[in-house]
Amino acid sequence: MARTDERFRSAYNMLLDFCSNMDIGDQLPAETVLADRMDVSRTIVRSALQKLDSDHLIQWEGRNKTLIRKPEPVHRLVPAESSLTPEELEHRFFEWILRFDVPAGTSLNVAQLSRQFGVPVHNLQEFLAGLSRLGLVERRPRGGWSLLGFTSEFAVELSEFRMVLELNAVRQLLNLPPEHEIWKKLKALKREHEDLKSVLEERYHDFSLLDEKFHSAINSVVRNRFVLEAQKLIRLIFNYHYMWDKRDELERNAAAIDEHLEWIDAMLERDSARSEAAALKHLRRSKETLLQSLRVHKFA
């Protein structure tokens, strides 16, 4: 598919989204405004407007572009296939936030991020809509998206829920037979933690990915669709958002590695009491780290 056609399809679908938030009889902005907002040429905007007119969604007379019918799903153009899976897009989006310290309240340029991540605009819009249901982004009244922060109360409730879920996962894990794949995973994770610990001063930024891998492995033993959806939100918050606080990051990550190793050893020895104690110790510290990061950003 030609690049121009890709940009036209993305622009047209963006106009459909824009029209969906308008009332019948409202006027669309000028072509120059739309081109700037969608970060495309006026030629592409004009072509997209012409299709809206031919599809009888707007009435275009001179400078007036009046919405006469709300768009429906059938009007949307099929975008070019994304080379990223939803999981890869999620990872790339939060890696961008982590590495570039994108603060809460930042306006998200969908067209720019679409090019940066190599996905169609519509795919990115759907991804952001999913994050909005989790309270991580919000759609602005006049279009576009903003990255949200969240309150200390939200963090406390999420942390307490995380403890319930992960302690339940530990109990289920310890009852699994010796031939279950989780035991090989835990042994491999122990080696990865020890390897990272040996070079932590140079690679302490890499801990966030190992932390995600560790907690995902523990939670993977639970087969429950509601738990999986909750774990997704928890993973996003704890493995990305709290890392915005860069103070004492090396020391915090070193302590977390030791806590993980203590937890792994207890599970490998099938010691229930030690496993739950190690889990609680680590999860309570993670809660305090998250709350501290919120205080830092509140007064930054």
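**Salt bridges, helix packing and strand pairing**

D206 is partly exposed, at 28% relative accessibility; here buried stands for a relative accessible area under 20%, exposed for over 50%, and partly exposed for values in between (1.4 Å probe, protein chains only). The structure is a predicted model, in which local features need pLDDT of at least 70 and side-chain atom pairs count only at pLDDT 80 or more, whereas totals for chains, interfaces and linings use all residues. Residues are numbered from 1 along each chain as its sequence is written, and side-chain values use heavy atoms, with hydrogens and water left out.

The protein has 300 residues, of which 46% count as buried. Its secondary structure consists of 13 helices and five strands. Both kinds of element are DSSP runs numbered from the N terminus, helices being H or I runs of at least four residues and strands E runs of at least two. Contacts, defined by heavy atoms within 4.5 Å, frequently span the sequence: among those between residues at least 6 apart, 70% join residues at least 24 apart.

The salt bridges were considered next. The criterion is a side-chain nitrogen of Lys or Arg within 4 Å of a carboxyl oxygen of Asp or Glu, and by this rule the count comes to 15. One of these pairs joins D206 to R203, with an N to O distance of 2.9 Å. R203 is partly exposed, at 39% relative accessibility.

A second pair is formed by R76 and D17, whose closest N and O atoms are 2.6 Å apart. R76 belongs to the loop between β2 and α4 (86–100) and D17 to helix α1, so this salt bridge ties together parts that are 59 residues apart in sequence. Helix α1 itself covers residues 3–20. The two partners fall into separate accessibility classes: D17 is buried, with a relative accessible area of 16%, while R76 is partly exposed, with a value of 24%. When neighbours within four places in sequence are left aside, D17 is in contact with R76 and Q125.

In a further salt bridge, R274 is joined to E269, and the closest N and O atoms are 2.6 Å apart. Here R274 is partly exposed, with a relative accessible area of 35%, and E269 is exposed, with 53%. In addition, a network of salt bridges links E31, R42 and R46.

The residues of this network also take part in the packing of two helices. Two packed helices are described by the angle between their axes and the distance between the axes. For helix α2 (residues 31–38) and helix α3 (residues 42–54), the angle is about 110° and the axes are 9 Å apart. The axes are lines fitted to C-alpha atoms over the stretch in contact, and angles run from 0 to 180 degrees between N-to-C directions. Helix α2 is therefore roughly perpendicular to α3, given that angles of 65 to 115 degrees count as roughly perpendicular, those under 35 as roughly parallel, those over 145 as roughly antiparallel and the rest as oblique. The α2 side of the contact is made by E31, T32, L34, A35 and M38, which meet R42, V45, R46 and L49 of α3. By class, five residues of the contact are nonpolar, one is polar and three are charged. In this classification Ala, Val, Leu, Ile, Met, Phe, Trp, Tyr, Cys and Pro are nonpolar, Asp, Glu, Lys and Arg are charged, and the others, Gly among them, are polar.

The strands were examined by their pairing, for which DSSP must find at least two bridges between two strands. Strand β1 (residues 58–61) and strand β2 (residues 64–67) pair in the antiparallel sense over four bridges. Within this pairing, W60 has K65 of β2 as its bridge partner. The hairpin of β1 and β2 has two residues between the strands, and G62 takes a positive phi near 65°.

Three strands form an open sheet with antiparallel pairing, in the order β3-β5-β4. Strands β3 (107–108) and β4 (137–139) stand at the edges with a single partner strand each, so one side of each lacks a neighbour in the sheet. Strand β3 runs antiparallel to strand β5 (residues 145–147), to which two bridges join it. The bridge partner of L108 in β5 is W145.

Finally, L209 is located in helix α10 (residues 207–219) and is partly exposed, at 34% relative accessibility. L209 and H91 are separated by 118 residues in sequence and by 9.9 Å in space, C-alpha to C-alpha.
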